[in-house]
Amino acid sequence: MKVNSLAILDVIRVLVAILVALAIVFLMIFLISDTPLEAIGYMLMGPLTSLRRMGNVVEAMVPITFTGLAVVMLYRAGLFNLSMEGAFFIGSVAATASALSFNLPPVINIVVACICAMLAGGITCFIPGFLKVKCKANELVTSLMLNYVMLFLGLFIITQFFFDPEMNATYSYKFPDSMFLPRILEGTRINIGLFIVIGATLVLWFILHKTSFGYKVTLVGSNGTMSRYSGIKSGAIIMGSQFIGGMFAGLGGAVELFGMYRRFQYTGLTRYGWDGILIAIVAQHKAEYVPFAALFLAYLRTGADIMSRNTDIPYEIITIIQSVIIVLISAKVILLSARKKLIVKEVKRAELGGGV
Amino acid sequence: MSGFGSVIFSVDFIVTTIRVMTPILYAALACMVFGKGGIDAIATEGIMLFAALTGVLGSYFTNSAVIGVLTAAATGIMLSYLFGYITISLRSDPILAGIAINTLAAGFTVFIVYMITGSKGSTQALNTPVVPSIEIPLIQDIPFVGEVLSGHNLLTYIAFLSVLGLSVFLYKTPSGLRIRTVGESIDAANSVGINVRKYQYMTLTIAGIMAGFGGAFMSLG
């Protein structure tokens, strides 16, 4: 019972944060726009008006779900590792390299490319974890800097080895036709990446809830000292968790690349990693909620995009929603007294019932 | 190699280096002050971006570069306070709060630019006065040294003076000592009767000004 009502309180926190953020943005739209009701209508209902737009929501959801899963895993061990941004990028670079270098039969080539991407992403996120455990280097600093290392390393690899001189931009050669993830719905770009992302969510949920490794990671993250006293090799657990987290981000890079693009054409970091942080917070760091949080963000984005094309409100208003949500959910003070009262009440009830 | 050497030791190269260095120096000073005051400095990026924008706007609407710089510094302080309020009073995680402010800055500045100029790219359409360059008397007449040291932007000189000023302030004054004490251990500072909140906000003010100047240099320098 105790867990349940606390969980409900957390859900209320998230909902309050989302509603407040939306209210602020609607207020701004009313102040700025000439046609405020139309703008809000486009933003809230726009994505539902056509199949293609609904497709856009799902397409936008796939990469940020992957980074959201990565963040859930990375932060489970208590490290603020921000290198999922670089892991996502280097994952798509590794997938490109694998797709263009190896001449493999269909299906196997996609699998190999995804494995390469996962390894590249895993190694990327492993580095800050390794430095944290072995050298006590602040993972925040190393991972932020590592993103730039990965960005320029990736761009170097692409321009040095896979650069297509026939294109006017720094695009890679076109992938073989067998590399593209098949589309599953006519009229949209939704592809089997959607199933991969659902599978990845289940895998992460399984790792965190049904394996001893997942339990140890959670323990290390919530109380490092205690886990050390109970004989858990916390260093190895931390490094392992960072590696696995990076694998999700790297896989996301590969799936996004093969699902949506014909060539490698990123020229900068994608910012999907930062979206992953927002998603992980909204999902309360639980793997099973990540796709829903990602769907929410993707829906808002698509709605804001439709709004900006049809009215005088620019798309960037969405960042206000994002930042207000992050602040309100992470603010410990909000609903703190309600939370304390609830805990006291639950404990008293447990005592009376003789349950504990 | 001789070509390389002549590039590195040319006046243009050194002058350009100093110009490029200025906003980084301001950012580093802001982060340094945040760090000494025990506040995570992730939000510096967003603060500078906002300050760069309001610097241009202040300069455009009042037609005065000085007011533009002051607007930027005021913006820096306001955002720094906002960050402080979120992390200190609302007890939000500083890293997440920093990410929130950076996200907000990345989008909201574009939003404001679009609202005012109608284009998302830049404020090129606004014709703004810029911060003047300063020729130092006497020194500017010395060959090479004069060309390297003189003729920089006013904000560049302020940056170098800030390095000096901040090192004296942090290490030679009581306020500086208290800021560093609060940064090292809030509990220890509390136990000897230091008003922790006051010195945290002093930290935020100074760091905000530095970030604001840095932003102003990017847009008005």
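Student: What do buried, exposed and partly exposed mean?
Tutor: Buried means under 20% relative accessible area, exposed means over 50%, and partly exposed is in between (1.4 Å probe, protein chains only). This is a predicted model, where local features need pLDDT of at least 70 and side-chain atom pairs need 80 or more, while totals for chains, interfaces and linings use all residues. Residues count from 1 along each chain as written, chains are lettered from A and ligands numbered from 1 in written order, and side-chain values use heavy atoms, without hydrogens or water.

Student: OK, salt bridges. How many does the structure hold over all chains?
Tutor: Five. The test is a side-chain nitrogen of Lys or Arg within 4 Å of a carboxyl oxygen of Asp or Glu. One of the five joins A:Glu59 and A:Arg189, at 3.5 Å from N to O.

Student: Where do A:Glu59 and A:Arg189 sit in the chain?
Tutor: They are 130 residues apart. A:Glu59 is in helix H3 (residues 51–76) of chain A, and A:Arg189 is in the loop between helix H6 (139–161) and helix H7 (193–210). Helices here are DSSP runs (H or I, at least four residues), and strands are E runs of at least two, numbered from the N terminus.

Student: And A:Glu59, buried or exposed?
Tutor: Buried, at 8% relative accessible area. Its partner A:Arg189 is partly exposed, at 37%.

Student: Got another pair? What does A:Asp164 bridge to?
Tutor: A:Arg263, with the closest N and O atoms 2.9 Å apart. A:Asp164 is in the loop between H6 and H7 and A:Arg263 in the loop between H10 and H11 of chain A, so the bridge ties together parts 99 residues apart in sequence. Both ends are covered: A:Asp164 is buried because its relative accessibility is 7%, and A:Arg263 is buried at 15%.

Student: What about A:Lys132, which residue does its side chain meet?
Tutor: A:Glu139, in a salt bridge of 3.2 Å from N to O. A:Lys132 is partly exposed at 32%, whereas A:Glu139 is buried at 7%.

Student: New topic. Where is A:Glu256?
Tutor: In helix H10 of chain A. A:Glu256 counts as buried because its relative accessibility is 5%.

Student: Which residues is A:Glu256 in contact with?
Tutor: Setting aside neighbours within four places in sequence, the partners are A:Glu59, A:Pro63, A:Phe88, A:Tyr261, A:Tyr266 and A:Tyr272. Contact means heavy atoms within 4.5 Å. You met A:Glu59 in the salt bridge with A:Arg189. Also, A:Glu256 is 190 residues from A:Phe66 in sequence, but 9.6 Å away in space, C-alpha to C-alpha.

Student: What does A:Thr270 touch?
Tutor: A:Glu85 and A:Phe88, leaving out residues up to four places away. A:Thr270 is in the loop between helix H10 (234–260) and helix H11 (272–282) of chain A. A:Thr270 is buried, at 17%.

Student: And A:Arg271, what is its phi?
Tutor: Positive, about 70°, although A:Arg271 is not a glycine. Most residues other than glycine have a negative phi. A:Arg271 also lies in the loop between H10 and H11 of chain A, and is partly exposed at 41%.

Student: What's the phi of B:Asn63?
Tutor: Also positive, about 60°, and B:Asn63 is not a glycine either. B:Asn63 is in the loop between helix H3 (44–62) and helix H4 (65–89) of chain B. B:Asn63 is exposed, at 58%.

Student: How much area do chain A and chain B bury between them?
Tutor: About 2,200 Å², 78% of it on carbon and sulfur atoms. Buried area is the accessible area (1.4 Å probe) that two parts lose on being put together, summed over both. A:Phe80, A:Pro314 and A:Glu316 supply 21% of chain A's buried area against chain B, more than any other three residues.

Student: How many residues does the contact take from each chain?
Tutor: 25 from chain A and 20 from chain B.

Student: How many salt bridges between chain A and chain B?
Tutor: Zero. There is one residue pair in polar contact, both at pLDDT 80 or more. That means N or O atoms within 3.5 Å; within protein, one must be able to donate a hydrogen and the other to accept it, and residues adjacent in sequence count only if both atoms are side-chain atoms. On the chain A side, H1, H11 and helix H13 (318–330) each supply at least two residues. The largest share, seven residues, comes from H13(A).
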